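Open your viewer, switch to a cartoon view and keep the selection box handy. We will hop from one stop to the next, with a short look at what is there each time.

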Amino acid sequence: MTTRLHDTLSGEVRQLEPLEPGHVRIYSCGPTVYGPTHIGNFRSFLFADLLVRYLRYRGLRVTWVMNITDIDDRIIANANAAGEQIGDLTERWLERFKADFAALRMTPPDVLPRATEHIDEMAAIIGRLLERGHAYRTDDGSIFFRISSWPAYGRLARLDPSQLQVGARVEADDYGKDDVRDFALWKGPKPGEPSWETPIGPGRPGWHIECSAMSMKHLGESFDIHTGGVDLIFPHHEDEIAQSEASTGKTFVRTWLHCDHLRLGGAKMARRVGNIARVSELLEAGISPRALRYALIAVNYRQALEYTDASLAAAAAAIERLDTLEATLDAYAEDRPDAPDLEGVLADARARFEAALDDDLNISAALAALFDLVRELNRRIAERSLSTADAGRALGSLRDLDRVLAILPDEAADLPPGAADLLSARGGARANRDWATSDRLRDELATLGVVVEDTPDGQRWKRSDPI
Ligand SMILES: [Zn+2]
């Protein structure tokens, strides 16, 4: 195992050595379900998906937990504004989130815990913090973490705690507290807000405690990797470390991974669909989910991603090249001896791909290795220098690398209902030289969004994705 990852806390690139050999435990901060999910959030989720897929491809067991924040200030405000029950609102947006991530081929996390189902665990952590003098109550029943009790506060974000002031970067709460820097663990009951009866009193959790409770419940008090966007480093992850370690006395997380921002291309975006920033709306506008996935994973996670019409078009072109190659290899037939050097070409591509991803998930170098292979295979196809078996081996290699990328078409699954039968009937018609039936079936497939081409190797098909 040689995967190396950049840890935000230490600032070092480190070898991944799971606490339990062969089993990596990963927690990702998930969505707050009060509205449609933005592509910037999905960039961060898909980066975690790429990590999970790659570690599994490498033969590791992975337990991946992504929380669902289903109670917070914005949820309460939106539900009150809409006159809707909080549970109905969060259920609706959670279903939409699941549909978006399925469309973008995100691996379903092993656990998708919901904050409202972990109130007991949160209260238990806060109870321990009160006992140990790291937390205190205010008159309205709220409970705050005392930052002055935790000297390591600020290490993740590289902030000097004595310099922290209330302001743009520090949450200003409405509740009275001893020190402006302190953050809310628990919010006392208020009219018009949901409240839970717990051993620490009635109220509802602060946002930060949710992630400490859900991660430690499902992964243990110490676990391997915690991911999130860079905007979560402070105060969210700083607070998670303080409250978790102050309550357990153990190291909370071994490696912190943070995904950089997605920047919308501003004026450059106005022409087509680029000014849409919500996944569901992009998909409804007809953007190919595979092209969107590609656009969101194709830039190294520690670099800002400039999301523009051009980057989306480049992603669609990359997908198109892969689809064409896959369809060509699938249909390829050439009665000739196997190419003696093909195994070496495929093994080199795989080695370059793995070396790139082992290097802190360097996706751009991994994709360069993939597209060098695409170019080489296209050259050999044009020369007809592959045998039928070679084409099958090459296709097998592409599909193997795609276990990590998830951007190739799923053969049958990607065909619209009924299209597989039409394709098969059309193959039969052509074998019988029944050109009239063959043409009619081609037109029927076109109405389903499937473009059929006839090649010397037989028919091949692809989706006519709108972009
Ligand atoms: Zn979180």
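**Stop 1: helix 1**

Start by selecting residues 39-57, which form helix 1; its 19 residues should span 27 Å at 1.5 Å a residue, and the end C-alpha atoms are 26 Å apart, which agrees. Keep in mind that you are looking at a predicted model. Now color the helix by accessibility: 16 of the 19 residues in helix 1 are buried, so the helix is mostly covered. Step just past the end of helix 1 and you land on Gly59, where phi is positive at about 95°.

**Stop 2: helix 3**

Next, select residues 86-103. This is helix 3, with 18 residues and a reach of 26 Å from first C-alpha to last, close to the 26 Å expected at 1.5 Å a residue. Which residues of helix 3 are buried? Show the side chains of Leu89, Thr90, Trp93, Leu94, Phe97, Asp100 and Phe101. They cover an arc of only 125° around the axis, which puts them on the same side of helix 3. The general pattern helps here: an α-helix has 3.6 residues a turn, so residues three or four places apart point the same way.

What do these buried residues pack against? Bring up helix 1, strand 4 (61-66), helix 2 and helix 7 (279-284), and you have the packing partners of helix 3. Before leaving, click on Arg105, which follows helix 3 and has a positive phi near 60°.

**Stop 3: salt bridges**

Side chains of opposite charge can pair when their charged atoms come close. How many salt bridges does a search of the whole structure find? The count is 46, and here are some to visit.

- Stay with helix 3 and select Glu91 together with Arg114: their side chains meet in a salt bridge, 3.2 Å from N to O. The pair links distant parts of the chain, with Glu91 in helix 3 and Arg114 in the loop between helix 3 and helix 4 (119-131), 23 residues apart. Glu91 is partly exposed at 33% relative accessible area, while Arg114 counts as buried at 18%.
- Move to Asp73 and Lys187, whose closest N and O atoms are 3.4 Å apart in a salt bridge. Asp73 lies in helix 2 (residues 73-82) and Lys187 in strand 7 (residues 183-187), so this pair ties together parts that are 114 residues apart in sequence. Asp73 is partly exposed, at 43%, whereas Lys187 is buried, at 10%.
- Then try Asp179 and Arg181, which form a salt bridge of 3.0 Å, N to O. Asp179 counts as partly exposed at 22%, and Arg181 is buried at 15%.
- For a network, select Arg58, Arg350, Glu354, Asp358, Asp400 and Arg403, which are linked by salt bridges.

**Stop 4: the zinc ion**

Finally, center on the zinc ion. Which atoms coordinate the zinc ion? Show Cys29 (SG), Cys211 (SG) and His236 (NE2), which sit at 2.0 to 2.1 Å from the metal. Along the sequence, these donor residues follow the spacing C-x181-C-x24-H. Cys211 belongs to helix 5 (residues 207-219) and His236 to helix 6 (residues 233-248), so the pair ties together parts that are 25 residues apart in sequence.

Are these two donors buried or exposed? Cys211 counts as buried, at 1% relative accessibility, and His236 is buried as well, with a relative accessible area of 1%.

Notes
Residues are numbered from 1 along each chain as its sequence is written. This is a predicted model: local features need pLDDT of at least 70, side-chain atom pairs count only at pLDDT 80 or more; totals for chains, interfaces and linings use all residues. Side-chain values use heavy atoms; hydrogens and water are left out. Donors are N, O and S atoms within 2.8 Å of the metal (3.2 Å for Na, K and Ca); water is not among the atoms, so sites may look incomplete. Helices (H or I, at least four residues) and strands (E, at least two) are DSSP runs, numbered from the N terminus. Buried means under 20% relative accessible area, exposed over 50%, partly exposed in between (1.4 Å probe, protein chains only). A salt bridge is a side-chain nitrogen of Lys or Arg within 4 Å of a carboxyl oxygen of Asp or Glu. The expected span of a helix is 1.5 Å times one less than its number of residues. The arc is that of the directions from the helix axis to the C-beta atoms. Contact means heavy atoms within 4.5 Å.
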